[in-house]
Amino acid sequence: MEFEYTAAPRIASFSKVSRERFVADFSDAFPAEAGRADEVYDRIKLPVRATKGSAGYDFFMPVSVTLAPGETVKIPTGIRVEMAESFVLMLFPRSGLGFKYRLQLNNTVGVIDSDYFYSDNEGHIFAKVTNDSNEEKTVTLEEGTGFMQGVFLPYGVTMEDKVGSIRNGGFGSTTKK
């Protein structure tokens, strides 16, 4: 079978949140390591695809974390993404970590909407992961290694859609009245 290659559209750009935003969020997530927040910020790696054929952009651990079975950690990635309005970034655990350790995102699939970039928190992408191992396996996520992947997908809206509201926040902010 012969396939025609067409370059994927360039629809997004990753960047770091501000140093101030990261320091505040990191200090909240890891209070015992708050004094290291500035140095951690300097080492944050932007998400990248591993190969030309990869759909997912790997997100990297800002610090090393060890999770025993059943343990959970909230990870401030230090990353934000600006993307075309008709796209969404879907976040999944890296498949090897899910397969070997049942490492899972607590919301099963992360959904980053295009307008999240403009939120008061600078669109800071977080991940809350759990080692859901039923084989008593402890997992260590080393600083700088990929732990989740993001895939950009287009979406559509209904013919009757008339939404005009603007997001301000994350984690359920669009359902708050």
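The following exercises, each with a worked solution, concern the predicted model shown above.

Residues are numbered from 1 along each chain as its sequence is written, and side-chain values use heavy atoms, with hydrogens and water left out. Because the model is predicted, local features need pLDDT of at least 70 and side-chain atom pairs count only at pLDDT 80 or more, whereas totals for chains, interfaces and linings use all residues.

**Exercise 1. The four-stranded sheet**

Task: Determine the strand order of the open sheet formed by four strands, and state which strands stand at its edges.

Solution. Begin with the terms: helices (H or I, at least four residues) and strands (E, at least two) are DSSP runs, numbered from the N terminus. Two strands pair if DSSP finds at least two bridges between them.

Step 1. The order is β2-β11-β6-β8, with antiparallel pairing.

Step 2. β2 (57–60) and β8 (110–113) each have a single partner strand, so one side of each is left without a neighbour in the sheet.

Step 3. From one strand to the next the twist averages 30 degrees; axes are lines fitted to C-alpha atoms, for helices over the stretch in contact, and angles run from 0 to 180 degrees between N-to-C directions.

Step 4. Within this sheet, β6 (residues 87–93) and β11 (residues 146–154) are joined by seven bridges. Across from Phe92 stands Gln149 in β11.

**Exercise 2. An aromatic cluster**

Task: Classify the ring pairs Phe14–Phe59 and Tyr57–Phe152, and describe the burial of the four residues.

Solution. Rings of Phe, Tyr and Trp (its six-membered ring) pair if their centres lie within 6.5 Å; planes under 30 degrees apart count as stacked, over 60 as edge-to-face and the rest as tilted. The whole structure contains eight aromatic pairs.

Step 1. For Phe14 and Phe59, the ring centres are 5.7 Å apart and the planes stand at 90 degrees, so this pair is edge-to-face. Phe14 belongs to strand β1 (residues 12–16) and Phe59 to strand β2, 45 residues apart.

Step 2. For Tyr57 and Phe152, the centres are 5.8 Å apart and the planes at 75 degrees, so this pair is also edge-to-face. Tyr57 lies in β2 and Phe152 in β11, so the pair ties together parts that are 95 residues apart in sequence.

Step 3. Buried means under 20% relative accessible area, exposed over 50%, and partly exposed in between (1.4 Å probe, protein chains only). Phe14 and Phe59 are both buried. Phe152, at 16%, is buried, while Tyr57, at 25%, counts as partly exposed.

Step 4. Phe14, Tyr57, Phe59 and Phe152 form one aromatic cluster.

**Exercise 3. Helix α1 and the three-stranded sheet**

Task: Establish how the buried residues of α1 are arranged and against which elements they pack.

Solution. Contact means heavy atoms within 4.5 Å.

Step 1. Phe22, Asp25 and Phe26 are buried in α1 (residues 19–29). Viewed down the axis, the buried residues fall within an arc of 100 degrees, so they line one face of the helix; the arc is that of the directions from the helix axis to the C-beta atoms. Glu20 and Asp28, on the other side of α1, are exposed.

Step 2. The buried residues of α1 pack against α2 (37–42), β4 (72–76) and β9 (126–131).

Step 3. An open, antiparallel sheet of three strands has the order β4-β9-β7. At its edges stand β4 and β7 (103–105), each with a single partner strand, so one side of each lacks a neighbour in the sheet.

Step 4. Five bridges pair β4 with β9 in the antiparallel sense, and Lys74 stands opposite Lys128 in β9. α1 packs on the sheet, touching β4 and β9, and its direction makes about 170 degrees with that of β4.

**Exercise 4. The surroundings of Val139**

Task: State whether Val139 is buried or exposed, and identify its contacts beyond its neighbours within four places in sequence.

Solution.

Step 1. Val139 lies in strand β10 (residues 139–141). With 1% relative accessibility, Val139 counts as buried.

Step 2. Apart from neighbours within four places in sequence, Val139 contacts Val65, Thr66, Leu67, Leu97, Tyr101, Leu103 and Asn131.

Step 3. Val139 and Thr66 are 73 residues apart along the chain, yet their C-alpha atoms are separated by 5.7 Å.
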